[in-house]
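Please walk through this protein model step by step, starting from a single residue and moving outward to the chain as a whole.

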Amino acid sequence: MDERDLMDKLQRLSTLAQRSHNRRFRRYGPLASPHKGQGRVLALLQAQPEVSQKELGRQLGMRGPSLGELLAKLEDKEYITRTPSEIDRRGMVVRLTPEGTAAAGQMAAHAPDADSVLGCLNNEEQERLAGDLDRLIAALEEQLAEPPKERPAQEVERKKEGWGHRPMGISHLAEAPTPGSAFDRRQFPGQIVGFGEPQYASRSATGPP
């Protein structure tokens, strides 16, 4: 099969799957599917009612503000609780509440409707499809992975040679001005003359005005 035709089929499948999810969302709300969003969180917590937020984020493929926002919505509905971990005080433990268990049960009741499209494949075909999709996902993740940022070779060489790090020594600060130079206080009163001198020199070489 031509690769372009295969990509068109995958795109078509993705579009139809999204339309199907949107239809279920209008019917069941945020808990439309155990494979996405809030429904997926409840499905995972139903299998393990207590889990660290870090581990939950790893299983969801989410982290940072996105995960926090998703969990906050479930917390507002009293479906979950988040408490500091006794093992690691910097971490949080996510637990399913009785209300969350009931909501997960209701979601499971209409889950067959969400998964009915896979009914056209037998178990062996589903496993083969899952394996093929895993390979495609891994290939795309590898293709889209950002390589570690490297500093330009020229910048690295400058760092090695000490460019931009000129030491601040007395010889740079306390060179005595010569008469008639740009830093002669008689020509530029009020300028700093050398290391250790007052910030403002007198306005006259013979004394204060």
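**From one loop residue to the whole chain**

P30 is partly exposed, with a relative accessible area of 35%. The structure shown here is a predicted model. Partly exposed is the class between buried, under 20%, and exposed, over 50%, so a value of 35% puts P30 in that class. This residue sits in the loop between α1 and α2. Leaving out residues up to four places away in sequence, P30 touches F25, Q38, G39 and K77. Sequence distance and spatial distance can be set side by side for P30 and M107: the two are 77 residues apart in sequence, and their C-alpha atoms are 9.9 Å apart in space.

One of the residues that P30 touches is Q38. Q38 belongs to helix α2, which covers residues 37-47. Is Q38 buried or exposed? Q38 has a relative accessible area of 9%, and is therefore buried. Apart from neighbours within four places in sequence, Q38 is in contact with P30, L31, L70, K73, L74 and K77. K77 appears among the contacts of Q38 and also among those of P30.

The next topic is the whole chain. The protein chain has nine helices and three strands. In sequence order, these elements follow the pattern α-α-β-α-α-β-β-α-α-α-α-α. The protein chain contains 209 residues, and 20% of them are buried. Its accessible surface comes to about 16400 Å², with 54% of that area belonging to carbon and sulfur atoms. Contacts can also be sorted by how far apart the partners are in sequence. Of the contacts with a separation of 6 or more, 36% are between residues 24 or more positions apart.

The surface carries patches of several kinds. Which residues make the nonpolar patch? M1, L6, M7, L10, L13, V117, L118, L129, L133, L136 and I137 form this patch, which has an area of about 1000 Å². The elements that contribute two or more residues to the nonpolar patch are α1 and α7, the latter covering residues 123-144. One of the patch residues, L129, is found in helix α7. L129 has a relative accessible area of 35%, so it counts as partly exposed.

Charged patches are present as well. D2, E3, D5 and D8 form a negative patch on the surface. Of these, E3 is located in helix α1, which covers residues 3-28. E3 is exposed, because its relative accessible area is 64%. A patch of positive charge gathers R12, R19, R23 and R26. R12 also lies in helix α1. With a relative accessible area of 49%, R12 is partly exposed; the class called exposed begins over 50%.

Charged residues can also form pairs. Side chains of opposite charge can pair when their charged atoms come close. How many salt bridges does the structure hold? There are five.

One of the salt bridges joins the side chains of R95 and E50, with 3.1 Å from N to O. R95 lies in strand β3 (residues 92-96) and E50 in strand β1 (residues 50-52), so this pair ties together parts that are 45 residues apart in sequence. R95 is partly exposed, with a relative accessible area of 29%.

Another salt bridge links the side chains of E55 and R58, where the N to O distance is 2.6 Å. Both residues lie in helix α3 (residues 53-60), three residues apart, which is about one turn of the helix. E55 counts as partly exposed at 26% relative accessibility, whereas R58 is exposed, with a relative accessible area of 59%.

The side chains of R135 and D132 also meet in a salt bridge, at 3.9 Å from N to O. A salt bridge requires the nitrogen to be within 4 Å of the carboxyl oxygen, so a distance of 3.9 Å still qualifies. R135 and D132 are both in helix α7, three residues apart, or about one turn of the helix. R135 is exposed at 63% relative accessibility, and D132 is partly exposed at 37%.

Terms used: Residues are numbered from 1 along each chain as its sequence is written. This is a predicted model: local features need pLDDT of at least 70, side-chain atom pairs count only at pLDDT 80 or more; totals for chains, interfaces and linings use all residues. Side-chain values use heavy atoms; hydrogens and water are left out. Patches are made of residues with over 30% relative accessible area and no salt bridge: like charges are joined within 9 Å, nonpolar side chains (Val, Leu, Ile, Met, Phe, Trp, Tyr) within 5 Å. Accessible areas come from the Shrake-Rupley method with a 1.4 Å probe; for residues, only the protein chains shown count as cover. Lys and Arg count as positive and Asp and Glu as negative; His and the chain ends are not counted. The place of a charge is taken as NZ of Lys, CZ of Arg, CG of Asp or CD of Glu. Helices (H or I, at least four residues) and strands (E, at least two) are DSSP runs, numbered from the N terminus. Buried means under 20% relative accessible area, exposed over 50%, partly exposed in between (1.4 Å probe, protein chains only). Contact means heavy atoms within 4.5 Å.
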